[in-house]
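Work through the exercises below with the coordinates open. Try each task before reading its solution.

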Amino acid sequence: MKFNLLNILFAIGLISFISFSCNDEHDNSPGSVVLEFDHRWGTQELKLNSSLLTPAGDSVKFTAFRYFISNISFLKADGSEYKVPNSYFLVDHELDKSREITLTNIPADDYRAVQFIIGVDSAKSTTALDQRTGVLDPATGAQGMYWAWNSGYIFIKVEGESPSAPIDSITLKRRFWYHIGGFGGYSSPTINNIKSVSAVSDDDVAHVNGSAEPTFHMIVDLQEFFMNPTNLSIKQNPVVMFAPYSTTIANNYTDMIKLDHIHQ
Amino acid sequence: MSKIFIAFSIFVLVIACVKEKNDAEQNFSIRIPDHFPAVNYDLTLNPISKEGFELGRKLFYDPILSRDSSISCGSCHQQSAGFTQHGHDISHGIDDLLGTRNALPVMNLIWNKSFFWDGGVHNLDFVPINAITSKVEMDESLENAIGKLNRHPQYPSLFKSWINVDKIESKDLLKALSQFMAFCVSANSKYDQSLQVNSVQLTSDEFEGLQLVNTKCSPCHSTALFTDFSFRNNGLVLTGDLGRYKASLVDSDLYRFRVPSLRNLSYTAPYMHDGRFRTIDQVLDHYANKVVMSATLDSNLIRKEGLGIPLTEEEKTKIKLFLKTLDDESFIRNPILSEQ
């Protein structure tokens, strides 16, 4: 009995020693995380220039789908947050690489959720020229995602052709276009279409460290832009830019991006 | 005696001009007039230098910035027209597409609190993007213009000697344009001179005109810039242009436009956001007799007895005489600001 107990104690000691040293060897250096944006139309893969039917019954062919993702942060299992500094990305359906955002130098930890803004925050939307590099460069990098007459970024752009749209005098095609933005105003308030997304996984955890690069696999369903809560009719609203109706559309797309799973 | 005095004054003026020019060439700083309000543009983020200014001037007058190299900033902002467009109510642009608004003067812009008639832009550096990307909302970018500049025989070395960059980026182009525009300060009108000690004086009619402007026009056309940069509906017959509402989407901003300066009016006709008035007489007639009611009409233009601003013919004459003292001939003729 006594001997047995000693044995057990010894075993426990050994195990804890081993696990302790294991922990010690455990990689605690910061790592990378990938955010993958998987574009869908309902259950199918989203393809530009192919015929689709909107929930309101308009036949459409998309020609452009772009949006800003910014202010990314990760939530740890204990509820605390890690904010990725200066995180501004432009996702463009036509640029495969832009649909995979790799974030580096993320502190080693276990993360259960990712949060971000669809769009650009108001501080960045009003900052000086030198602070706007890369995709935020209003003149070049932002690639038509900037309103020059009303200094502000277009948060999300959806364009295409549809028999329900009127003929556009410049291209002579039946085109619709939705350019949604609005950061709340510089000196006096106006519409605010900044939408935050918080995507939690109930099952998966992202173990981040220098030797692992987990991926948050996000599903982006463009159909959500056209419904829930309001069916967007191209016939009635073929062009929506900086206008009150843009808030209705923003309320649709606020849940367009969902976390499907995390893979290690 | 008086001849001697005039000769002496001319001598003093010439000396003053020469001195000013030398100063400008030496340290190339913008002279901030004492009687102007606080500057809004952060000059520390884009310190003015001779190279930067000259580069900005070259760009301002170079059609290379437009898609088909047909027009320059200077085509719509002509110095002789107080940096607006001669005789155009709404400006003509590329492909002769009509703009929808009357060009605003490139003048005293470092004091602006916002830009354009609806105040949609808040920083001078961002203003030219609108002009260069031509058609509203048509996905054109400055990329082309930047490419052309980088391939140009002169621009790369000019940018390099200014800020030591090997490749021109859009922000460099925008800041160079700001260098030139920041320099376009008009503060040497007769009115400005009358504020200096021992200088010219306004005639008594002009002075009465000033007082009339101060009492009747001032809640809006106030400070030495003769605008408070607020957005107001001054009672014009409404058209389809929704004004400030376009940028704010707030109902109370419907048909409100940024109050323009009253400087250099002799050169900048026609007047108002759509250039509907060709003469100052028409403008004064508007305020006196033609103000129309609408939901957002400025309360300063609503009285128990009626709408607008009561003005006798005599008062109108005096106001016109005073407005003339805001013309700054030296500004529209300053060779430093002209195409070289």
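**Exercise 1. Find the partner of B:Lys175 in a salt bridge, and give the distance.**

Solution. B:Lys175 forms a salt bridge with A:Asp130. The closest N and O atoms are 2.7 Å apart. The rule asks for a side-chain nitrogen of Lys or Arg within 4 Å of a carboxyl oxygen of Asp or Glu. Across the interface of chain A and chain B, it finds one salt bridge.

Conventions: this is a predicted model, in which local features need pLDDT of at least 70 and side-chain atom pairs count only at pLDDT 80 or more, while totals for chains, interfaces and linings use all residues. Residues are numbered from 1 along each chain as its sequence is written, chains are lettered from A and ligands numbered from 1 in the order in which they are written, and side-chain values use heavy atoms, with hydrogens and water left out.

**Exercise 2. Quantify the interface of chain A and chain B.**

Solution. Start with contacts (heavy atoms within 4.5 Å). 33 residues of chain A touch 31 residues of chain B. Next, take the buried area, the accessible area (1.4 Å probe) that two parts lose on being put together, summed over both. That area is about 2600 Å², and carbon and sulfur atoms give 59% of it. A:Leu129, A:Ala139 and A:Trp149 supply 27% of the area that chain A buries against chain B, more than any other three residues.

**Exercise 3. Describe the side of chain A that touches chain B.**

Solution. Sort its residues by class: 17 are nonpolar, nine polar and seven charged. Here Ala, Val, Leu, Ile, Met, Phe, Trp, Tyr, Cys and Pro count as nonpolar, Asp, Glu, Lys and Arg as charged, and the others, Gly among them, as polar.

**Exercise 4. Judge whether chain A is a compact globule or more spread out.**

Solution. Count elements: chain A has three helices and 16 strands. These are DSSP runs (helices H or I, at least four residues; strands E, at least two), numbered from the N terminus. The radius of gyration, taken over C-alpha atoms, is 23 Å for chain A, well over the 18 Å that the globule rule gives for 264 residues, so chain A is more spread out than a compact globule. That rule is 2.2 Å times the number of residues to the power 0.38. The C-alpha trace spans about 95 × 40 × 30 Å along its principal axes.
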